[in-house]
There are 2 protein chains.
Amino acid sequence: MDGRLGVHYALNLAAGEDAAGKAALIGLEQTVELPRSLLTAELAERFAGRVEAVQQTGPRRARVVLSYSLDAIGADLPQCLNLLFGNISLKPGIRVVDLEWPAALVTALGGPGHGIAGLRRLTGVSGRALLCTALKPMGLSATELASCCEAFARGGIDIIKDDHGLADQPAAPFAERLARCQEAVTRANAATGRHSQYFPNVTAPAALLAQRLAAAREAGCLGVLISPWLVGLDTLRLIRDQYGLAILAHPALTGSLFGRGAGMAPQLVLGDLFRLAGADAVIYPNAGGRFDFSAATCARINDHLRRPLGTLRPSLPAPAGGMDVARAGQWVRRYGPDTLLLIGGSLYAQGDLQRGAAALRAVVEGLGS
Amino acid sequence: MDGRLGVHYALNLAAGEDAAGKAALIGLEQTVELPRSLLTAELAERFAGRVEAVQQTGPRRARVVLSYSLDAIGADLPQCLNLLFGNISLKPGIRVVDLEWPAALVTALGGPGHGIAGLRRLTGVSGRALLCTALKPMGLSATELASCCEAFARGGIDIIKDDHGLADQPAAPFAERLARCQEAVTRANAATGRHSQYFPNVTAPAALLAQRLAAAREAGCLGVLISPWLVGLDTLRLIRDQYGLAILAHPALTGSLFGRGAGMAPQLVLGDLFRLAGADAVIYPNAGGRFDFSAATCARINDHLRRPLGTLRPSLPAPAGGMDVARAGQWVRRYGPDTLLLIGGSLYAQGDLQRGAAALRAVVEGLGS
């Protein structure tokens with residue numbers, strides 16, 4: 001594809017719709033937005049998506065591959081997202097199932113600032129899976145959340161993040177929560193000699209984002225939690241480039257992309273796009289939890305986060321969503337040590353948070369050596 | 001609901017799943033993210049979504065209504081979006097079909113800075129539908145796009161926007177396109193005595209957004225085009241509050257929310273949410289065009305944009321997406337004068353852009369008096 005962006009689509013065809021025709025329309029819709037008849041040959045050739053392959057896979061199904069010139073994108077992540085699934089999100093029967101990233105675009109987007117090795121450095125963890133939990137529930141005061149944070153850190157959880165629904169509500173306003181939780185984790189680290197980290201949720205209104213990020217950095221946090229789909233995916237690049245904080249990305253609101261007949265495959269959004277934008281670790285709903293991802297989908301997300309992609313650092317997969325303490329060892333064995341196990345409710349169900357955390361840590365340490 | 005946010009869901013139930021149980025789980029998932037058994041009575045009562053109504057509508061279908069305390073949101077649009085469809089986007093069979101907005105939240109979010117009356121003032125149009133078109137295709141130079149812009153303005157198009165795929169590509173970089181197109185529309189207005197407006201596309205990487213907005217304002221633009229789902233919905237509020245520019249919002253990437261069995265109803269996203277966030281006009285794919293919205297859906301979007309909602313200004317519906325010049329009159333008669341007809345390709349197909357625009361204008365003027 002000589003430097004072009006390759007996009008593989010699975011199409012469901014309406015009666016009378018042919019795959020090659022639908023493919024060509026996608027190539028126009030996502031770029032020039034005019035019928036072919038209104039374009040000069042030069043514009044059509046240089047800017048419209050080019051149909052590279054068409055394969056009928058059933059009476060009403062096809063796989064097609066289009067390629068796009070980077071001249072249609074620039075080095076711009078919102079426009080890349082628009083080209084991938086902007087207008088066609090509004091059309092039925094189109095699912096993006098694979099992407100081939102050209103080196104120039106990969107380099108321009110840049111990927112994780114820290115990656116797996118960086119997260120290991122800042123938590124001081126080597127040779128085993130990392131542990132993550134969430135401060136919750138919404139409604140607790142900043143002081144109460146901080147005491148959970150301290151217990152988890154003393155028990156040995158590596159990354160303690162805000163629940164992603166903790167924003168700036170009156171019960172635990174952002175500034176107060178940040179101060180109390182960062183103090184708590186610092187106190188615990190002083191006692192344990194370890195390097196647990198508190199990642200505050202900086203998902204915020206556009207006018208307040210910079211202020212929250214600056215506050216997190218000033219408080220001494222080394223990383224943050226953010227939900228890219230709530231605030232714009234490119235926000236990750238801004239955090240990476242302007243604040244240098246490690247980024248744990250949450251999948252809130254992405255799920256509507258993952259319907260069966262349309263949308264984008266989860267490993268392309270939570271894998272490729274989140275990683276390219278700069279997520280050092282990516283939370284996704286693990287198989288067997290309270291969400292709907294299959295084991296195969298989870299394996300593909302892990303692969304897309306970790307596998308070679310240009311010069312990009314690998315990102316740490318963070319399976320979550322109803323993970324059970326009792327099955328932690330099983331997941332680590334399946335997913336390998338380059339995994340951030342995110343266990344929330346099941347730890348709270350232990351009652352004694354510090355003891356529950358310590359027991360969980362013993363499990364992953366036992367597997368890690 | 002005494003000041004709470006009301007959310008109506010249509011549920012598809014799995015075998016053995018009961019509607020009341022699923023409703024209660026949604027109320028926990030979207031707020032406290034812990035099982036009820038791990039919550040105190042006070043936290044459950046104050047922060048979890050409260051099931052207000054359950055109605056079985058078929059063997060495997062139900063409508064349920066939940067209400068949420070604003071203490072779970074604050075006055076924060078990203079967290080509001082998260083509460084509406086963050087985690088449950090990752091679960092099957094949940095569709096948000098109606099919303100009841102409490103006055104306090106409506107006031108806090110604020111809605112359009114200009115609204116329909118404001119857009120009429122800045123274009124000098126009263127008593128008829130407004131006309132909009134898009135500069136395209138991608139690949140033309142800034143000078144070429146500007147000459148289209150001038151022709152459209154001379155022909156009488158009220159708002160001439162960048163195609164939403166025009167970002168900062170090498171063929172027509174943002175700064176140059178902005179300068180040339182704004183000069184063109186100013187020149188045309190000087191000749192015609194009218195008030196056509198050029199709205200540049202400011203959908204941009206997070207680190208560049210402020211710069212593009214400032215440039216648009218300095219160039220003399222009174223409004224901008226933006227795709228909220230590509231850059232974060234709350235960006236609209238920032239534009240409204242910090243720049244005062246009128247906002248024309250594009251639906252790129254929202255479509256994956258509009259699947260049949262899951263997601264959110266289009267009038268809640270393109271109607272309520274876009275309007276609450278500050279869109280003065282909202283583009284949506286009109287029925288009968290190259291997208292998939294029904295006439296009923298379009299009527300509902302129009303209604304949600306225009307109807308009374310607290311103290312909010314009404315927003316201008318902008319039906320688009322393959323609208324035909326020949327049927328413009330029909331759409332204006334159906335949708336009424338408070339409509340922004342967005343016609344792109346069909347105007348380009350006329351060949352002479354100024355003459356095509358003038359003919360279209362004559363149609364809507366003929367209907368408006």
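In this predicted model, 69 residues of chain A are in contact with 69 residues of chain B. Together the two chains bury about 5600 Å² between them, and 64% of this area falls on carbon and sulfur atoms. Three residues of chain A stand out here: Leu90(A), Met138(A) and Leu253(A) supply 12% of the area that chain A buries against chain B, more than any other three residues.

The polar side of the interface can be described next. No salt bridges are counted between chain A and chain B, whereas 21 residue pairs, both members at pLDDT 80 or more, are in polar contact across the interface. On the side of chain A that touches chain B, two or more residues come from each of the helices α2 (41-47), α3 (77-85), α9 (228-231), α10 (235-243) and α14 (345-348) of chain A. Helix α3(A) gives the largest share, with 5 residues. Sorted by class, this side of chain A holds 38 nonpolar, 20 polar and 11 charged residues.

Although the count between chain A and chain B is 0 salt bridges, the search of the whole structure finds 37 over all chains. Side chains of opposite charge can pair when their charged atoms come close. One such pair is Arg154(A) with Glu150(A), whose closest N and O atoms are 3.0 Å apart. Both residues belong to helix α6 (residues 142-155) of chain A, where they are 4 residues apart, about one turn of the helix. The two partners fall into separate burial classes: Arg154(A) is partly exposed, at a relative accessible area of 31%, while Glu150(A) counts as buried because its relative accessibility of 14% is under the 20% limit.

A second pair in chain A joins Arg361(A) to Asp158(A), with 3.5 Å between the closest N and O atoms. Arg361(A) sits in helix α15 (residues 353-368) and Asp158(A) in the loop between α6 and β6 (159-162) of chain A, so this salt bridge ties together parts that are 203 residues apart in sequence. Both Arg361(A) and Asp158(A) are buried. These two residues also belong to a network of salt bridges that links them with Arg128(A) and Glu365(A).

In chain B, a salt bridge is found between the side chains of Arg50(B) and Glu52(B), at an N to O distance of 3.8 Å. Arg50(B) is partly exposed, with 29% relative accessibility, and Glu52(B) is likewise partly exposed, at 35%.

How values were computed: Residues are numbered from 1 along each chain as its sequence is written. Chains are lettered from A and ligands numbered from 1 in the order in which they are written. This is a predicted model: local features need pLDDT of at least 70, side-chain atom pairs count only at pLDDT 80 or more; totals for chains, interfaces and linings use all residues. Side-chain values use heavy atoms; hydrogens and water are left out. Contact means heavy atoms within 4.5 Å. Buried area is the accessible area (1.4 Å probe) that two parts lose on being put together, summed over both. A salt bridge is a side-chain nitrogen of Lys or Arg within 4 Å of a carboxyl oxygen of Asp or Glu. A polar contact is a pair of N or O atoms within 3.5 Å; within protein, one must be able to donate a hydrogen and the other to accept it, and residues adjacent in sequence count only if both atoms are side-chain atoms. Ala, Val, Leu, Ile, Met, Phe, Trp, Tyr, Cys and Pro count as nonpolar, Asp, Glu, Lys and Arg as charged, and the others, Gly among them, as polar. Buried means under 20% relative accessible area, exposed over 50%, partly exposed in between (1.4 Å probe, protein chains only).
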